[in-house]
Amino acid sequence: MKDEIVVITGANSGIGKAAAIKFAAEGYTVIMACRNLELSRETQKEIIAVSNNDQVKLMELDTASFASIRTFCSAFKSQYDKLDILIHNAAYMNHGEKYRLSPDNIELTFATNVFGPYLITTLLLDDLKKSKNPRILHACSNIIKHFFDPKRKIDFDQLQGQKKDSKRHSVYKNYCASKMALLMVTFKMADVYQNDGVKVNALQINGAKMSKATLRKVKPHWRIIARIQNLYFPSPSVMAQHYFDICTSDKFETITGKLIDHKQKMMQQPPSHNPNVITQIKQITGSKVYPAYAANPEIQEKLWELCNSLTNKNMVTPSSEQHA
Ligand SMILES: NC(=O)c1ccc[n+]([C@@H]2O[C@H](COP(=O)([O-])OP(=O)(O)OC[C@H]3O[C@@H](n4cnc5c(N)ncnc54)[C@H](OP(=O)(O)O)[C@@H]3O)[C@@H](O)[C@H]2O)c1
C-alpha cells in the first residue's frame, strides 16, 4: 500500500470509475466522491474486488451544491490528515434545453462543472499543501474547439438566477462554455497556487465510450450521436491512464497550468496573428493549440472573481427549476 490519498469526483461511472480502479490497483487510498451513495456502493465493492485494495472509500459529494461540498470537505478533514491528488472528473452534461438552477441559485452546468470544483479545491487547499507533491487535475474536453469561433463567449449575464431572456437555452452550449471556464480556472489557479507547490493541470478529453447509464441520461438525439461515437471511442480506461500519469509520473512533476492532450502532449496558445484558412482547419482538427479565448487575462480575472464571490457569499434559496 502507498501512503498517498486521491479524491476522484464522480468515481462511480465512466472515466472516474476506471481511474478509481487504476489508482486502487496501484495501492493508493481512493476516495470516491459521489452524489448517489446507494448506486455507488456496488461500484465501490466492484473496485475493491478487482483492485484487491480495501482502501477504496465512498463519501457523499454533490459538486453542484455548496452545502454538500462543505459537508464533504469537513468529513474529509476529520478522517484524513492530507490530500495528495484531487481529480475533478464529475460533470453535468445532459444535453437538452432545460435551464436549471443549482441549490445555490447558479446555472446547473456551471455550478457542477466550474464553481463546485473551485470551492472543493479552495476548501481542501490546506490539505493539499500537506502533501509532498500535490496535484490537481481538471477533466476538460475538446468541445472547447467551438471557441475557435471568435463570436463564441461565456455568457456571464446568465450564470445565476432565473433566465433573463426568452432565447432558447442550450445545455450543450453551456456545457461547452463550462469546460472553457474550467480550463481558464486551471490557468489562473496554477498561477495563484504556484508558491504553494500545488500543480494544477487540465486534460483535454477527446472521447471515451459512455456507459449505458450515461447514455440513458442524455436527450434522445444526443443518445444516437453518442451511440455512434461509442463505436470508435476508446474505453474509459485509456483516459484513466492519462489521469494516473498526469497525477503521479515524474514527467509531470513540475508541470503546472497546462492543458494536456490525449497523447500527453502540452497544448499551446495559438500565435496572435490571424491564421489563414488552412492553419485554422489544422487548429480545429488537431490538438496542438487551444482557442485564444482561454488565455485572455481579463476574462480569466473576471471568472476568478466570480468564483470567489459566488462561493463566499451567503446562499440564496432558489426556486428549483425553470424551463427556457
Ligand atoms: N466521455 C467522453 O467522451 C468525454 C469527452 C470529453 C470530456 N469528458 C469529461 O470526462 C469526465 C467524465 O465523463 P464520463 O464520460 O466518464 O461520464 P459519466 O460516466 O457520465 O461520469 C460522470 C460522473 O459525474 C458524476 N456527476 C455528475 N454530476 C454530479 C454532481 N453534481 N455531483 C457529483 N457527481 C456528479 C456522475 O454521477 P451520477 O452517476 O450520479 O450521475 C458520474 O459519476 C467529465 O468531466 C466529462 O465532461 C468526457
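Let me begin with a term: the expected span of a helix is 1.5 Å times one less than its number of residues, and helices here are DSSP runs (H or I, at least four residues) numbered from the N terminus. What we have is a predicted model, in which local features need pLDDT of at least 70 and side-chain atom pairs count only at pLDDT 80 or more, while totals for chains, interfaces and linings use all residues. Residues are numbered from 1 along each chain as its sequence is written, and side-chain values use heavy atoms, with hydrogens and water left out.

Now to helix α4, residues 108-129, whose 22 residues reach 30 Å from first C-alpha to last, close to the 32 Å expected at 1.5 Å a residue. This helix has a kink of about 45°, centred on L123, where the bend is the angle between axes fitted to the seven residues ending at a residue and the seven starting there. Of the 22 residues in α4, 18 are buried, meaning under 20% relative accessible area with a 1.4 Å probe and protein chains only.

Next, the second largest pocket, a pocket being an open set of points on a 1 Å grid over the protein atoms alone, with protein on both sides within 12 Å along at least five of seven lines, and lining residues having an atom within 4 Å of a point. Its lining has 19 residues, with K153, D155, K167, K173 and N174 nearest the centre. Which helix gives the most to that lining? Helix α5, residues 171-192, does, with three residues.

How values were computed. On a 1 Å grid over the protein atoms alone, a cavity is a set of points where a 1.4 Å probe fits but cannot get out, and a pocket is an open set with protein on both sides within 12 Å along at least five of seven lines; lining residues have an atom within 4 Å of a point. Helices (H or I, at least four residues) and strands (E, at least two) are DSSP runs, numbered from the N terminus. Buried means under 20% relative accessible area, exposed over 50%, partly exposed in between (1.4 Å probe, protein chains only).
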